[in-house]
Amino acid sequence: MSTLPLMPKATAVWLIEKTALTFTQVAEFCGMHPLEVQAIADGEVAQGIVGYDPVANRQVTAEEISRCEADTNARLKILSTINPVKRRAKGARYTPVARRNDRPDGIAFLLRNFPQVQDQQVAKLLGTTKDTIAKVRDRQHWNSQNIKPRDPVTLGLCSQMDLNAAVAAANERLTREGHEVPQPMPIESADGE
């Protein structure tokens, strides 16, 4: 079987204690050898492991277990996971104190390289305010003389996936409105050539 249940040994303990499945059925479901399952049943292995209920944890149905208990040649089929790992809800992001001074550099990079991205998208992406974005744009920021446009992904202010999604959404909006999508600026070398 290609996918195994969570905590296979604990699942095997539960199946041995609570069902009438054969050792082979339990072994194939949990990705173990039948002799290892027999050793668990004999109490030689996994003595301190608490059983993990695969029915309560939506890995297999009770009907599937009943079907396999009735037919010793049948094999348990694991349920497919419907919801993969959920991403964090969008919203204000926490930026560590050490990286907060890098935020204006990331804002300057986005304003210079991706002018099509709206202020609200930049604010959401970098966890900043529209007022800060306006100050960086107008060179009114208190630290304007030290701001150097740097990629917010390399600064750790956002992920590349989130940046790509924001740029793609901005490009779609421009296309929908009938405007031309600006070409990205060439990347300057480290020595300023």
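Among contacts in the protein between residues at least 6 apart in sequence, 62% link residues at least 24 apart. The model behind this value is predicted.

**Overall make-up**

The protein has nine helices and zero strands. Along the sequence, the pattern therefore reads α-α-α-α-α-α-α-α-α. Of the 193 residues in the protein, 34% are buried. The accessible surface is about 12500 Å², and carbon and sulfur atoms account for 53% of that surface.

**Helix α5 and the largest nonpolar core**

Helix α5 spans residues 103–113. Because 10 of its 11 residues are buried, helix α5 is largely enclosed by the rest of the structure. The buried residues of α5 are Arg103, Pro104, Asp105, Gly106, Ile107, Ala108, Phe109, Leu110, Leu111 and Asn113. These buried residues pack against four helices: α6 (119–126), α7 (130–137), α8 (152–155) and α9 (160–177).

In soluble globular proteins, nonpolar side chains tend to be buried together. The largest nonpolar core here has 21 residues, and the members that touch the most other members are Ile107, Leu110, Val122, Leu125 and Leu126. Helices α5, α6, α7 and α9 each supply at least two residues of this core. The most comes from α5, which gives five residues.

Val122 shows some of this packing in detail. Apart from neighbours within four places in sequence, Val122 is in contact with Ile107, Leu110, Val117, Gly127, Thr128 and Ile133. Two of the residues in that list, Ile107 and Leu110, are among the buried residues of α5.

**The second core and Ala74**

A second, separate core has 18 residues, including Phe29, Met32, Ile65 and Ala74. Ala74 sits in the loop between α4 (62–70) and α5. With a relative accessible area of 7%, Ala74 is buried, because the cut-off for that class is under 20%. Ala74 is in contact with Gln25, Arg67 and Cys68, when neighbours within four places in sequence are left aside. Ala74 and Leu21 are 53 residues apart in sequence, and their C-alpha atoms are 9.8 Å apart in space.

Cys68, one of the residues in contact with Ala74, is buried with a relative accessible area of 0%. Cys158 is also buried, at 9% relative accessibility. The structure holds zero disulfides.

**Thr11 in helix α1**

Thr11 belongs to helix α1 (residues 8–18). Its relative accessible area is 0%, so Thr11 counts as buried. Not counting residues up to four places away in sequence, Thr11 touches Pro5, Leu6, Phe29, Cys30, Tyr52 and Pro54. Phe29 in that list is also a member of the second core.

**Salt bridges**

A search of the whole structure finds eight salt bridges. Three of them are listed below, with the distance between the closest N and O atoms.

| Salt bridge | Closest N and O atoms | Helix and spacing |
|---|---|---|
| Arg67 and Glu64 | 2.6 Å | α4, three residues apart |
| Asp131 and Lys135 | 3.4 Å | α7, four residues apart |
| Glu177 and Arg173 | 3.7 Å | α9, four residues apart |

An α-helix has 3.6 residues a turn, so residues three or four places apart point the same way. Arg67 and Glu64 are separated by about one turn of helix α4. The spacing of Asp131 and Lys135 is about one turn of helix α7. For Glu177 and Arg173, the spacing is about one turn of helix α9.

The partners can be described by their accessibility. In the α4 pair, Arg67 is partly exposed at 36% relative accessibility, whereas Glu64 is buried with a relative accessible area of 14%. In the α7 pair, Asp131 is partly exposed at 47%, and Lys135 is partly exposed at 36%. In the α9 pair, Glu177 is partly exposed at 47% relative accessibility, whereas Arg173 is buried at 15%.

Arg67 also connects two parts of this account: Arg67 forms a salt bridge with Glu64 and is in contact with Ala74.

Salt bridges also join Asp102, Asp105 and Arg150 in a network. Asp105 is one of the buried residues of α5.

Terms used:
Residues numbered from 1 in each chain as written. Predicted model: local features only at pLDDT ≥ 70, side-chain atom pairs only at ≥ 80, totals over all residues. Heavy atoms only, no water. Buried < 20%, exposed > 50% of the residue type's maximum accessible area, 1.4 Å probe, protein only. Contact = heavy atoms within 4.5 Å. Core = buried A, V, L, I, M, F, W, Y, C linked by side-chain atoms within 4.5 Å. Disulfide = S-S within 2.5 Å. Areas by Shrake-Rupley, 256 points an atom, 1.4 Å probe, with all protein chains shown as cover. Salt bridge = Lys/Arg side-chain N within 4 Å of Asp/Glu carboxyl O.
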